[in-house]
Amino acid sequence: MEISTVKEGKLIIKEGVTAIGERVFEGEEMQEIEFPRSLKLIGFSAFANCKNLKEVIIPDGVTHIGSEAFRDCKNLESVSIPTTVEKIENVFCNCPNLRKVVAPRHLISKIAMETSIEVLLFMKE
């Protein structure tokens, strides 16, 4: 069963998918990702080394983002993480262009320690 399609540089993950496994999209050429509202988990290195990826908006309902999920995404500039995410660890390592992260307050210090982000915004929980 196919869980995704790619149209004009945009990866569209189909509704009903609840988990993205380890390294599933590692090294792919997408520029953006459309996640389904059904998603709960993003696995280890799921989108690592996606060099063309520029922005990631993780949907409400995701509770876990695996280690190194977006490692080595060299052109990643902006990320939004919902309040439903409980814990992250080394998710954005080696993302030198990451400049803006919007995340829940309970994740801010962890993200700040792991990156060199210029703008780190928190949302009310």
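In what sense do strands β1 and β2 pair, and over how many bridges? In this predicted model, strand β1 (residues 4–7) and strand β2 pair in the antiparallel sense, and 4 bridges join them. The two strands form a hairpin with 2 residues between them, and in the turn E8 has a positive phi of about 50°.

Strand β2 also has a second partner, since 3 bridges join it to strand β4 (residues 32–34), and here the two strands run parallel. The table sets out the two pairings of β2, with one pair of opposite residues for each.

| Partner of β2 | Sense | Bridges | Residues standing opposite |
|---|---|---|---|
| β1 (residues 4–7) | antiparallel | 4 bridges | K7 and K10 |
| β4 (residues 32–34) | parallel | 3 bridges | E34 and I12 |

Which side chains of β2 are buried? In a regular strand the side chains alternate between the two faces of the sheet. Along β2 (residues 10–13), L11 and I13 point to one face and are buried, whereas K10 and I12 point to the other face and are not buried.

The largest nonpolar core has 35 residues, and those with the most contacts inside it are F35, F47, I65, F70, L76 and I81. Two or more residues of this core come from each of β2, β9 (100–104) and α1 (105–114), and the largest share, 3 residues, is given by α1.

Leaving aside residues up to four places away in sequence, F35 touches I13, I20, I42, F47, V56, I57, I58, P59 and F70. One of these contacts leads back to strand β2, where I13 is buried.

How values were computed. Residues are numbered from 1 along each chain as its sequence is written. This is a predicted model: local features need pLDDT of at least 70, side-chain atom pairs count only at pLDDT 80 or more; totals for chains, interfaces and linings use all residues. Side-chain values use heavy atoms; hydrogens and water are left out. Buried means under 20% relative accessible area, exposed over 50%, partly exposed in between (1.4 Å probe, protein chains only). Two strands pair if DSSP finds at least two bridges between them. A nonpolar core is a set of buried Ala, Val, Leu, Ile, Met, Phe, Trp, Tyr and Cys residues joined through side-chain atoms within 4.5 Å. Contact means heavy atoms within 4.5 Å.
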